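This report looks at how nonpolar and aromatic side chains are arranged in the structure shown below.

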Amino acid sequence: MGKVVMYSSVSVDGFVADENDQPGPLFDWLSSGDVPLDESGELKVSQTSYDYTRPYWDQIGVTVVGRHVFDLTDGWDGKPPGGIDHVVVVSHRPMPEGWDPEAPFHFVDGVEAAMAKAQELAGDRMVEVAAGDVGGQVLAAGLIDEVRMDVVPVVFGSGKRYFGSVHAQHLLEDPDVMIQGNRVLHLRYRVRR
């Protein structure tokens, strides 16, 4: 079974989106360099960010997101982002009308069922869980092995929190990776068990 990682770009004050549900400059680092991060050529980062991010992306077999993220992105037009094989969508609603049933998206009710489906699909590869409400629920359930965040130098003041509505304390180990890129600080923490 692969590692489970909670991930997102985040403001210095801990938000993955502003109060209007917009990422603002959180993804500016993905266009602040000259090294293509994927085949599209649209994402260009510093060499330092590439050396950290590309190997991480290559390990991901499945990404778990909430229905809110799915709806905001229009389901990435049925193509998982970053070349990921599958997306598991946590939703109490069925897939949208007209959605291509052959698209590698799996709609599951609840985080435990989502994680079981994600682990089944990922096999030995990594399961990435999007930060926010779903990520916070998976952390609270004790199913996250590692927290990765790309900290961007902006303060939102309010918005969608990285850890969602987690109310209990969760200890992380000291960061074992701290890498400075252009307009981003890449951090990785293991979850203390």
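Is F70 buried or exposed? In this predicted model, F70 counts as buried, at a relative accessibility of 3%.

## Aromatic pairs

Eight aromatic pairs are present in the structure. In one of them, F70 and W99 meet edge-to-face, with 5.0 Å from centre to centre and 70° between the planes. This pair links distant parts of the chain, since F70 belongs to helix α2 (residues 67-72) and W99 to the loop between β6 and β7 (105-108), 29 residues apart. W99, like its partner, is buried, with a relative accessible area of 15%.

The rings of W76 and F105 have centres 6.4 Å apart and planes at 25°, so this pair counts as stacked. It also joins distant parts of the chain, with W76 in the loop between α2 and β6 and F105 in strand β7. W76 counts as partly exposed, at 24% relative accessibility, whereas F105, at 5%, counts as buried. Ring pairs link F70, W76, W99, F105 and F107 into a cluster.

## Nonpolar cores

The largest nonpolar core has 28 residues, of which V64, V127, V129, I144, M149 and Y162 touch the most other members. Several elements each supply at least two residues of this core, among them β1 (4-11), β5 (60-66), β8 (126-130) and β9 (146-152), while the largest share, five residues, comes from α3.

Leaving aside neighbours within four places in sequence, M149 is in contact with residues including S8, V10, Y162, F163 and L185. Apart from this core lies another, of 15 residues, including W29, I60, I84 and V154.

Methods: Residues are numbered from 1 along each chain as its sequence is written. This is a predicted model: local features need pLDDT of at least 70, side-chain atom pairs count only at pLDDT 80 or more; totals for chains, interfaces and linings use all residues. Side-chain values use heavy atoms; hydrogens and water are left out. A nonpolar core is a set of buried Ala, Val, Leu, Ile, Met, Phe, Trp, Tyr and Cys residues joined through side-chain atoms within 4.5 Å. Buried means under 20% relative accessible area, exposed over 50%, partly exposed in between (1.4 Å probe, protein chains only). Helices (H or I, at least four residues) and strands (E, at least two) are DSSP runs, numbered from the N terminus. Contact means heavy atoms within 4.5 Å. Rings of Phe, Tyr and Trp (its six-membered ring) pair if their centres lie within 6.5 Å; planes under 30 degrees apart count as stacked, over 60 as edge-to-face and the rest as tilted.
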